[in-house]
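Colleague: I'm new to this one and would like a close look at a single part, the place where the two chains meet. Could you walk me through that, and then fill in what lies around it?

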Amino acid sequence: MEKSIENIWKEGFLKSDALVAPKINNLYSQKSIHIIDKFKRMFKINLIAIVAFSFIFLVVSYFVGVPLMGAIFFVTLMVLVIINKRLLNGLDRIDKGENSYQYLKAFNQWIKKQVAVNKRISTFMYPIIFMSIIIGFWFKDAEGIPLGKRLVNEVLFGFPDTYLLFGIPLIGIVILVLIIGLLAFFGGKIYQWDLNIIYGRVFRKLEELMADIESLNA
Amino acid sequence: MSSDFYNISILPFSGIIIKLCRAYTNSQEDFEDYYQEVCLQIWRSKDNFREKSEWSTWVYRISLNVCLTLLKKKKNNSQHFVSDTLPSDGSEYNNAFTDESLNLLYDAIRKLSEIDRAIIMLYLEEKSYQEIGDIIGTNTNNIGVRVARIKIRLKKILDGKIN
C-alpha cells in the first residue's frame, strides 16, 4: 500500500543518519549571510566611508581655497550619517523570535522607513551639494576679489546689457534654479533606482512572503 | 558562542533546525551554511527569549524566520533569497538521506512556496493548527484548508503529475 506523507516523514527520520548535525567551526568569526546582518554591514561601511570622505574633503577644500564648499559638504554629510546611524539602531530592535508575520512586517517596515527617509534626504542633498560647489567657487579668492564677482564683471564686459538680480546675471540664476529643481526631482528617484538594483528582488520577495501569510487571514 | 550553549541549548533541538534547513536549501554546502547561520542567530537572540513559549517553539520560530530571510551568495556574487536559488528539480540534493522516500518527499516540499513549506513542516512535526498559526503569525481558521491543499499538491508532485 502506498505510504502517506505523514508515514514517510515519521519512518524516514527514524533512521539514524537522518538527523546528524553538521560540525560547526569558528561560528562567530564567520561572515553572517543573514539579510539583517548584511544590511548592518553595508550601512556601517557606508557610514564610515562617508565620515572619512567628509573629513578628508574638509581638509582638502581648505587648502584648495574653497573652505565654504568643504564646510557645507561636511555638515550635510554629517547630518546624513547621524540620521542613518539612528535608522541602523532600529535594525537591532527586530526580534527574530517573533512570529514570522510580525518579524517580516517589522523588517519590511524598517526597509520602507529607511528608503523613505533616504529618498527625502536625497531630494535635499543633491541640490545642497550642487549649491555648495557653486557657493564654494563663487567665494573663492581670485586675485583679491571673489571668483564669482570677477566672473560677473567679465560677463558684463562682454555683454553690457545683461540683466542682474542681486548682482548676479538673471540667466545664471534661471539655469541654477533649473538644475536645482532637476536634482531635487531626480535625487529621490536616483536613490530608489540604485537601491532597487541591489535589493529589488529581496524587497519583492518580502512582499510576496507577507502577502502569502496575509492570504491565510483573508 | 560557547560550546556549552551549543551543547545544552541548541544540539538537543538540532533536529528541528536540520529538518527546516533541509527544506530551504538544495545542496549539502548550503544546508551547512544555513544550519550554522541559524545556530548563530539563536545565540545572538537568546536574550530575547521571554519564556512565553517553550524553548523548542522559540527555536522553531528563529529557524524559520532566519531561513525565510537568508541571503546566499551565488557563484556570480549576486544576492538572492534562498528560494530564488533553488533549481526546479532539486537535483543537487537527491541523496541527503538514506531513505529514498524521504528524499523524494523533501524534493516535493522544496517545490512549494516558502510559507507552504513552513506550514507542511509544522504539520508533519505534529504541531496543532493553533501552534502553526502562532508560529507563522496568522489565525488558525484557514490553516486546515491550506494543509489539505498542500497535501494534495505534494501528492501530485510525488506522483509525477505536476512539477
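**Where the chains meet**

Modeller: Let's start right at the contact, which draws on 39 residues from chain A and 52 residues from chain B. On the chain A side, the elements that each put in two or more residues are α1 (5-12), α2 (35-64), α4 (100-138) and α6 (170-217). The top contributor there is α6(A), with eight residues. Sort the chain A side by class and you get 20 nonpolar residues, nine polar ones and 10 charged ones. Keep in mind that this is a predicted model, not an experimental one.

Two of those helices are worth following into chain A itself. α4(A) and α6(A) pack against each other with their axes 8 Å apart, at an angle of about 165°. An angle over 145 degrees counts as roughly antiparallel, so that is the word for how α4(A) and α6(A) run relative to each other. Their crossing is right-handed. In the contact of α4(A) with α6(A), the classes come to 24 nonpolar, eight polar and three charged residues.

Now step over to another helix of chain A, α3 (residues 67-92), which is where L77(A) sits. Is L77(A) buried or exposed? It counts as buried, because it has 21 C-beta neighbours inside 10 Å and the cut-off for buried is 20 or more. Setting aside neighbours within four places in sequence, L77(A) is in contact with I50(A) and S54(A). I50(A) is 27 residues away from L77(A) in sequence, yet their C-alpha atoms are 6.9 Å apart in space.

Zooming out, chain A has six helices and four strands. Going along the sequence, they come in the order α-α-α-α-β-β-α-β-β-α. What about the overall form? The C-alpha trace of chain A spans about 100 × 45 × 25 Å along its principal axes. The radius of gyration of chain A is 28 Å, whereas a compact globule of 218 residues would have one near 17 Å. Buried residues account for 19% of the 218 residues in chain A. Of the chain A contacts between residues at least 6 apart in sequence, 66% link residues at least 24 apart.

Chain A also has a backbone oddity to look at. E143(A) has a positive phi of about 55°, even though it isn't a glycine. You'll find E143(A) in the loop between β1 (141-142) and β2 (145-146) of chain A. With 6 other C-beta atoms within 10 Å, E143(A) is exposed.

On to the partner. Chain B is built from nine helices and two strands, and its pattern along the sequence reads α-α-α-α-β-β-α-α-α-α-α. Of its 163 residues, 42% count as buried. For chain B contacts with a separation of 6 or more, 59% are between residues 24 or more positions apart.

Chain B has a positive phi to show you too: E126(B), not a glycine, has a value of about 65°. E126(B) belongs to the loop between α7 (114-124) and α8 (129-136) of chain B. It counts as exposed, with 10 C-beta neighbours inside 10 Å.

If you want one thing to take back to the contact, go and find α6(A) on screen: α6(A) gives the most residues to the side of chain A that touches chain B, and within chain A it packs with α4(A).

Notes
Residues numbered from 1 in each chain as written. Chains lettered and ligands numbered in written order. Predicted model: local features only at pLDDT ≥ 70, side-chain atom pairs only at ≥ 80, totals over all residues. Contact = placed C-beta atoms within 7 Å. Nonpolar A, V, L, I, M, F, W, Y, C, P; charged D, E, K, R; others polar. Axes fitted to C-alpha atoms, helices over the stretch in contact; angles between N-to-C directions. Parallel < 35°, antiparallel > 145°, perpendicular 65-115°, else oblique. Left-handed = near helix turned anticlockwise from the far one by under 90°. Buried ≥ 20, exposed ≤ 12 C-beta atoms within 10 Å, placed from the backbone. Rg over C-alpha atoms; globule rule 2.2 N^0.38 Å.
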